Amino acid sequence: MENKELQLNKQKNSNLSILLIGVNLILLLIFANIGDSLDDELSVNYCYLSFGTTVLLGFYAFSYHGKGYRIAKWLFAASLIISALLIGLLLYSAGLAKAFQH
Amino acid sequence: MKLNFVNKLYIAVTLVLVVAIVFKTFSYKGWERYHYFSSVCAPESYPIAIHNSYFILADGDLGYIKDEAVENYTSKWGEDYYFAESNRRERLPVKLVLQYVSYRDKKFYSDTLNLPKEKIKQVFKSAFQNKQVTKLFNPSGDVKGLTFLVGIANDGNVAVWLRGVFFEKLILKQKLSSKEPQGDETYYEKRLSKAEYIEKRFEDLPDSLKLKLDSGFDNKANYIDTPTHYIDKNKELWEYQKKNGFIE
């Protein structure tokens, strides 16, 4: 009986977490888009968004264990790869910019 | 339901983001930002070499003023640079920084002028209400705004106009007193004496023009009180554009 209650509590907390991840991502998007961004700044905004997703999903993936929550780990892995690629791209373009000296 | 740790963390993040959004919104002040373009002009017969010309904006940023025509000695009194563009909305200028040397009187001028903030704000508001705003080029599609024109006349006289469609308003008229150049005001590639600096900066001024100016051409001119005829000159164009729906 107590176990069931615990399960239910976990389920409710998980639903709330998913809602909060959504809310936080929307807020992050609003924050990044205040002001007139030029094209290059816009692409940096998308990087922030991707890092934000990774961190928020990471917390979720490592807090909830069990069969029903496994998909979160997969999503986290996917966002981790995307973020890593973006970091790689940023470092690469920074390297290119650095090489461009007059 | 008892909140677990991760939800408390998410709620903390939400609060931080809300505070950050409020802070960023109020420091950006989007409602006090406008598209505008700024350029500088000088009479043909009174060439100048500009060391510095820029606006200080309400948020402390620097506002760029296009001075290409003056640098080429092709500028005319009351004529703005032909390609007006605006990449982003900016806060309105509160100060004008000017440092230049005049070819005719060989004097250096350097000053920071206070602009009438409230007046500029009112002009922008009323220009939008009365559809007097002009089109400015923007990479993601033309935008509407006004143009600033800084006029540098002879004898240290300076005027600033705001312009739109069928609209021109003088917002500042001031006389600067000449000063001895200080610091990097005579720096051009290297530190120069006053005479060397003037010679270097006006190197590209055509000799024929130099001869003409040195012989006293247009000597008694008083450009600061010369009307610009901006509206008269553009009337026909605007009427055509309005008729064909290119502008409102």
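This is a guided tour of a predicted two-chain model, from chain A across the interface to chain B.

Residues are numbered from 1 along each chain as its sequence is written, and chains are lettered from A and ligands numbered from 1 in the order in which they are written. Because the model is predicted, local features need pLDDT of at least 70 and side-chain atom pairs count only at pLDDT 80 or more, whereas totals for chains, interfaces and linings use all residues.

**Stop 1: chain A**

Select chain A and colour by secondary structure. Three helices and zero strands appear, in the order α-α-α from the N terminus on; helices are DSSP runs of H or I with at least four residues, strands are runs of E with at least two, and both are numbered from the N terminus. The radius of gyration of chain A is 18 Å, well over the 13 Å that the globule rule gives for 102 residues, so chain A is more spread out than a compact globule. That radius is taken over C-alpha atoms, and the globule rule is 2.2 Å times the number of residues to the power 0.38. Taken along the principal axes, the C-alpha atoms fill a box of roughly 75 × 25 × 15 Å.

Of the 102 residues, 18% count as buried. A residue is buried if 20 or more other C-beta atoms lie within 10 Å of its own, exposed if 12 or fewer, and partly exposed in between, with C-beta atoms placed from the backbone.

Next, pick A:Asn3, which is located in helix α1 (residues 2-32). With 7 other C-beta atoms within 10 Å, A:Asn3 is exposed. Add A:Ser93 to the selection: the two residues are 90 residues apart in sequence and 53 Å apart in space, C-alpha to C-alpha.

**Stop 2: the interface**

Show both chains. Here 20 residues of chain A are in contact with 22 residues of chain B, contact being defined as C-beta atoms, placed from the backbone, within 7 Å. On the chain A side, α1 and α2 (39-63) each supply at least two residues. The largest share, 13 residues, comes from α1(A). By type, the chain A side divides into twelve nonpolar, six polar and two charged residues. In this count, Ala, Val, Leu, Ile, Met, Phe, Trp, Tyr, Cys and Pro are nonpolar, Asp, Glu, Lys and Arg are charged, and the others, Gly among them, are polar.

**Stop 3: chain B as a whole**

Select chain B, which has six helices and twelve strands. Its radius of gyration is 23 Å, well over the 18 Å that the globule rule gives for 248 residues, so chain B is also described as more spread out than a compact globule. Along the principal axes, the C-alpha trace of chain B spans about 95 × 55 × 30 Å. Buried residues make up 32% of the 248 residues. Among contacts in chain B with a separation of 6 or more, 68% join residues 24 or more positions apart.

**Stop 4: the nonpolar cores**

Select B:Ile48, B:Tyr100, B:Val150 and B:Ile152; these have the most contacts inside the largest nonpolar core, which has 42 residues. A nonpolar core is a set of buried Ala, Val, Leu, Ile, Met, Phe, Trp, Tyr and Cys residues joined through C-beta atoms within 7 Å. Elements giving two or more residues to this core include β2 (48-57), β5 (93-102), β8 (143-152) and α3 (117-129) of chain B. Centre on B:Ile152: leaving out residues up to four places away in sequence, B:Ile152 touches B:Val40, B:Ala42, B:Ile48, B:Tyr100 and B:Val158.

Apart from the largest core lies another, of twelve residues, among them A:Leu57, A:Tyr60, A:Phe76 and B:Tyr10.

**Stop 5: two loop residues with positive phi**

Go to B:Glu189, in the loop between β11 (187-188) and β12 (190-191) of chain B. Its phi is near 70°, a positive value in a residue other than glycine. B:Glu189 is exposed, with 6 other C-beta atoms within 10 Å.

Then select B:Asp218, in the loop between α5 (207-214) and α6 of chain B. Phi of B:Asp218 is near 60°, again a positive value in a residue other than glycine. With 14 C-beta neighbours inside 10 Å, B:Asp218 counts as partly exposed.

**Stop 6: helix α6 of chain B**

Finish on α6(B). Of its 14 residues, the number buried is zero, so α6(B) lies largely in the open. The helix bends by about 40° at B:Glu236, the bend being the angle between axes fitted to the seven residues ending there and the seven starting there. Just after α6(B), B:Gly245 takes a positive phi of about 75°.

Terms used:
Contact = placed C-beta atoms within 7 Å.
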